[in-house]
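Student: Hi! Could you walk me through this structure?

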Amino acid sequence: MARIGITTTVPVEIILAAGHIPVDLNNIFITSPEASRLVETAEDAGYPRNICGWIKGLYAVVVNKNINANFGGIDKVIAVTQGDCSNTHALMETYELAGIETIPFAYPFDRDYDLLKLQMEKLMDTLGTNWEAVNNVKRRLDQVRLKVAEIDRLTWQENTVSGLHNHLYQVSCSDFNSDVAAFAQDVDRFLAEADNAPEYADELRLGYIGVPPIFTDLYAYLETMGARVVYNEVQRQFAMPFATDDIVEQYRLYTYPYGVFGRIKDIQAEIERRNLDGIIHYVQSFCFRQIEDLILREKLDVPILTIEGDKPGKIDARTRLRIDGFLEMLR
């Protein structure tokens, strides 16, 4: 049983069906009390200053044995070479330089069913499993995904879940916190609490689009200002609330790895369904996805505030002021 690091959402059902443990390196990085130090560690090793902080964090989490020993270590990494980050190729090369085995996985840009199925079968061959085992795991995970979708519904429809908890439970579906049974129990416990929780009485209902924030206090700050995130776009995609028995189709419906226009259709539908007042678009410094901001602004019909983060930490004073002004404008 190997511990398989992942750099973004991949067909986790394949890792579990092969008897291995998935570990989302992003979640390990951003929840580490030493997250800022991890970025510095990568820069000390030679990573340029003008490279995404997430990439530097992913590098340091795996290569620094003293740090990854705290969460059980990493045996090999599945790196998404198409459909995620343009810097992943170089990240893989620096992993290999450090003696870390990497496994490439690519989402076809045009959502081609056969190409995606081929990529999944190559991953199955590499890890040592088959369709029957993968589909058995899918049926098990679908039950957990259904419960996480209920947390999302309670967030926007019953107003009993915070934006932060909505974010945390959905983003954790990338690897189910490396322990599906324990995660499912945690979800059950949280749902029982949320069913009896008082309703939020926020003035403003916000959507959050873009990659998960590197800021550690964004959701809490918004709620202190009378606004709550009731839609987390990419995190919801990680949770995959799609009703399909076909696992290849499930990963075709997942919008994040493909073109921005598929994302926009999903965002537009949720803006209307959730009655959003405005959108916060988070962009990561030095990320190519910043270019897509101009498309999102042209296509979406609600007010949008674009904020940018670089390294882990609290929201800086300038960004707080811009958020304050945006919320005042929405009122």
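Tutor: Happy to; we can go through pockets, cavities, a strand pair and a few single residues.

Student: What should I know before we start?

Tutor: This is a predicted model, where local features need pLDDT of at least 70, side-chain atom pairs count only at pLDDT 80 or more, and totals for chains, interfaces and linings use all residues. Residues are numbered from 1 along each chain as its sequence is written, and side-chain values use heavy atoms, with hydrogens and water left out.

Student: Cool. What volume does the largest pocket have?

Tutor: About 780 Å³ for the largest pocket. A pocket here is an open set of points on a 1 Å grid over the protein atoms alone, with protein on both sides within 12 Å along at least five of seven lines. Grid points are joined across faces, edges and corners, and a volume is the space filled by probe spheres set on the points.

Student: And which residues lie nearest its centre?

Tutor: Asn-26, Asn-27, Ile-30, Trp-54 and Pro-212 do, out of 40 residues that line the largest pocket. Lining residues have an atom within 4 Å of a point.

Student: Which elements give two or more residues to that lining?

Tutor: They are β2 (21-24), α2 (25-31), α4 (53-63), α9, α11 (218-224) and α12. With five residues, α2 gives the most to the lining of this pocket. Helices (H or I, at least four residues) and strands (E, at least two) are DSSP runs, numbered from the N terminus.

Student: How does that lining divide by class?

Tutor: The largest pocket has 22 nonpolar, twelve polar and six charged residues in its lining. Ala, Val, Leu, Ile, Met, Phe, Trp, Tyr, Cys and Pro count as nonpolar, Asp, Glu, Lys and Arg as charged, and the others, Gly among them, as polar.

Student: What about the second largest pocket?

Tutor: That one has a volume of about 270 Å³. Its lining has 14 residues, and Lys-138, Asp-142, Phe-242, Ala-243 and Thr-244 lie nearest the centre. The split there is six nonpolar, three polar and five charged.

Student: OK, on to closed spaces. How many cavities of 30 Å³ or more are there?

Tutor: The structure holds two of them. A cavity is a set of grid points where a 1.4 Å probe fits but cannot get out. The largest cavity has about 80 Å³ of space, and the second largest about 30 Å³.

Student: Which element gives the largest share of the largest cavity's lining?

Tutor: Strand β7 (residues 278-284) does, with four residues. The lining of the largest cavity includes His-281, Tyr-282, Val-283 and Gln-284, along with Arg-263, Arg-289 and Glu-292. By class, five of its lining residues are nonpolar, three polar and three charged.

Student: And which element gives the most to the second largest cavity?

Tutor: α8 gives the most to that lining, with four residues. Both α8 (131-158) and α12 (233-239) supply at least two residues each. Among the residues lining the second largest cavity are Arg-145, Asp-152 and Arg-236.

Student: Switching to strands: how many bridges join β3 to β4?

Tutor: Six bridges join β3 (residues 76-82) to β4 (residues 101-106), and the two run parallel. From β3 the chain crosses through helix α6 (residues 88-97) to β4, in a right-handed β-α-β crossover. Strands pair if DSSP finds at least two bridges between them. Right-handed means that, with the strands pointing away from the viewer, the path from the first strand over the helix to the second runs clockwise.

Student: Which residue in β4 stands opposite Gln-82?

Tutor: Ala-106 does.

Student: Now backbone oddities. What is phi like at Asn-177 and Ser-178?

Tutor: Phi of Asn-177 is near 55°, positive in a residue other than glycine. Ser-178 has a positive phi of about 65° and is not a glycine either. Most residues other than glycine have a negative phi. Asn-177 is found in the loop between α9 (163-171) and α10 (180-195), and Ser-178 lies in the loop between α9 and α10.

Student: Is Asn-177 buried or exposed?

Tutor: Asn-177 counts as partly exposed, at 42% relative accessibility. Buried means under 20% relative accessible area, exposed over 50%, and partly exposed in between (1.4 Å probe, protein chains only). Ser-178 is partly exposed too, at 25%.

Student: Last one: what does Ile-74 contact?

Tutor: Leaving aside neighbours within four places in sequence, Ile-74 is in contact with Arg-3, Gly-5, Val-23, Leu-25, Val-62 and Asn-68. Contact means heavy atoms within 4.5 Å. Ile-74 is buried, with a relative accessible area of 9%, and lies in the loop between α5 (65-68) and β3.
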